[in-house]
Amino acid sequence: MRIPLSVLDLAPIARGETVSSSIAASVALAQRAEEHGYRRVWYAEHHNMPTIASSATSVLISHVGAQTSSIRLGAGGVMLPNHSPLTIAEQFGTLEAMYPGRIDLGLGRAPGSDQNTMYALRRDPNSADTFPQDVLELQAYLAGKTRVPGVDAIPGRGTDVPLYVLGSSLFGAHLAAALGLPYAFASHFAPQALEAAVATYRSEFKPSAQLAEPYVIAGVNVIAADTTAQAQENLQAVRRNMAVGLFGRGRTFTDEEADLLLEQGAGQHVSSMFTYAAIGTAHEIGDYLEGFLKQADADELIVAHQSPTTEGRLRSVTLTAEALESVSA
C-alpha cells in the first residue's frame, strides 16, 4: 500500500445484531485488513453505548490477536483517566507478552461516557487534570523505570509498548510534542482543529527515546462500494444510525423517523462529523485519501469504515486497499 493505512474499528452493534456477532465481525475485519496490508487495527474505549462493543478494549485486542498473525493491534484509545496507570501497564504488558511486537497503546483523556457513567466507573471528575502525569507514570512502568518506589508492572515492566497520544484539540498536540510521542488526531468525528493541531505538534515536537521525528496519524471516514449509488445508500444508512445513536435517547426508530431526526437538526451535527469522508468507488476513494493525506500533513491514515453492515465494511476494507495499490502518495 502506497499510503500507510490502518483501521479504526468501532466494533458497532448493528440493528438486530448481538454483541457476539459484533465481536465476530471485528475478528473478520482485522483478518481482512491483515490480508490486504493495513498496518494496524485500533479499538476505542466507550461505555454505556448500546451500539458499540469495545468497552473492554484490552480483552477485545486479546481475542483478535489470537486469530490474526502479523497486523499490529491496539487501543485508539484507552481513556486513561478511567484507570490507574499501573492497571493499563499490566494489561498492555500482558498483551505484549502474548503478541510480541504487535501491540500499540493509544491514550486519550476524554471520559468516553456521560456523567452518570463516569460515576459508575468511579472516575474522579478532576482526573483528566492529571492526564500528563499519568501518561508519564504509565510510560515509566512500561520502560521498567517506575516512578512509584517499590511498584512495578508485572507483566509490563521493560516491554516498552509504544504510546500514542490521541486528541481532537490543541491540548493533545502540545502534550504529544512535549513528550516526543506520536500524535493521532480524531478527525473522523471531530474535524475542526485538525490542521492547527497538526501544525502545533510538528512545530513543537521534541525527540524522545521512542520517537526521533514527529509522526501524525489522521482519522478519516471511508465508505467504499462497488458503485457510487451503493456508497451513497450506505452513507444514508450510516447517517441514520449516527443520528439515532446520538439523539435517539435509547428509542428504536424506523428509517422514516430517523430521516425526520436528521431533518430536525441532527443532520447538521452528523454532517460536521463527516467533514472528512471518502465515499464512493475504489477510484474515488483513492483520489480522496491521497488528497486528505496531504491536507492533514499526516504520515499515516487510520480509517473508520462506516458501512452499515459487516459485509459492507469488509468490502470497503478490500476496495480501499485495492485503490491505494495504484495511488501514488
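**Figure 1. Surroundings of helix H7 in the predicted model.** Helix H6 (170-179), strand S6 (183-185), strand S7 (216-224) and helix H10 (282-296) are among the elements that cover the buried residues of H7. Helix H7 spans residues 194-204, and its buried residues are Leu194, Ala197, Val198, Thr200 and Tyr201. These residues sit on the same side of H7 because the arc they cover around the axis is only 160°. In an α-helix there are 3.6 residues a turn, so residues three or four places apart point the same way.

**Figure 2. Buried side of helix H2 and its packing partners.** Helix H2, residues 57-65, has Thr57, Ser58, Leu60, Ile61, Val64 and Gly65 as its buried residues. Their arc around the axis is only 160°, so they lie on the same side of H2. Packed against the buried residues of H2 are H1, strand S2 (40-43), strand S3 (72-79), helix H3 (85-98) and strand S4 (103-108).

**Figure 3. The largest nonpolar core, with a view of phenylalanine 92.** The largest nonpolar core holds 80 residues. Those that touch the most other members are Phe92, Leu105, Leu107, Leu138, Tyr201 and Leu301. With six residues, S7 gives the most to this core. Leaving out residues up to four places away in sequence, phenylalanine 92 touches Ser58, Ile61, Ala75, Val78, Ile103, Asp104, Leu105 and Val161. Two of the residues named here, Ser58 and Ile61, are also buried residues of helix H2. Another core, of 17 residues, lies apart from the largest one and includes Ile223, Leu235, Met242 and Phe274. In soluble globular proteins, nonpolar side chains tend to be buried together.

**Figure 4. The largest cavity and its lining.** One cavity of 30 Å³ or more is found when the whole structure is searched. The volume of the largest cavity is about 50 Å³. Its lining consists of Asp9, Ala11, Pro12, Ser22, Ala25, Ser26, Leu29, Thr310 and Arg313. Helix H1 (19-35) and helix H11 (310-324) are the elements that give two or more residues to this lining. H1 gives the most, with four residues. By class, the lining of the largest cavity has four nonpolar, three polar and two charged residues.

**Figure 5. The second largest pocket.** The second largest pocket encloses about 340 Å³ of space. It is lined by 15 residues, of which Gln139, Ala143, Asp160, Ala209 and Gln210 are the closest to its centre. H5 gives the most to the lining of this pocket, with five residues. The lining of the second largest pocket divides into nine nonpolar, three polar and three charged residues.

**Figure 6. Aspartate 134 in helix H5.** Aspartate 134 belongs to helix H5, which covers residues 131-143. Its relative accessible area is 15%, and aspartate 134 is therefore buried, the cut-off being under 20%. Apart from neighbours within four places in sequence, aspartate 134 is in contact with Leu80, Pro85 and Ser127.

**Figure 7. Two cis peptide bonds, at glycine 77 and proline 155.** Glycine 76 and glycine 77 are joined by a cis peptide bond with omega near 10°. Glycine 77 is in strand S3. The peptide bond between isoleucine 154 and proline 155 is also cis, and its omega is about 0°. Proline 155 lies in the loop between H5 and strand S5 (163-167). Most residues other than glycine have a negative phi, and most peptide bonds are trans.

**Figure 8. Positive phi values at asparagine 48 and aspartate 160.** Asparagine 48, a residue other than glycine, has a positive phi, near 60°. Asparagine 48 is located in the loop between S2 and H2. With a relative accessibility of 57%, asparagine 48 counts as exposed, because the cut-off for that class is over 50%. Aspartate 160 likewise has a positive phi, in this case near 50°. The loop between H5 and S5 contains aspartate 160, and proline 155 of the cis bond is found in that loop too. Aspartate 160 also appears among the residues closest to the centre of the second largest pocket.

Notes: Residues numbered from 1 in each chain as written. Predicted model: local features only at pLDDT ≥ 70, side-chain atom pairs only at ≥ 80, totals over all residues. Heavy atoms only, no water. 1 Å grid on protein atoms, 1.4 Å probe; cavity = no way out; pocket = protein on both sides within 12 Å on 5 of 7 lines; lining within 4 Å. Points joined across faces, edges and corners; volume = space filled by probe spheres on them. Nonpolar A, V, L, I, M, F, W, Y, C, P; charged D, E, K, R; others polar. Buried < 20%, exposed > 50% of the residue type's maximum accessible area, 1.4 Å probe, protein only. Arc of directions from axis to C-beta. Contact = heavy atoms within 4.5 Å. Core = buried A, V, L, I, M, F, W, Y, C linked by side-chain atoms within 4.5 Å.
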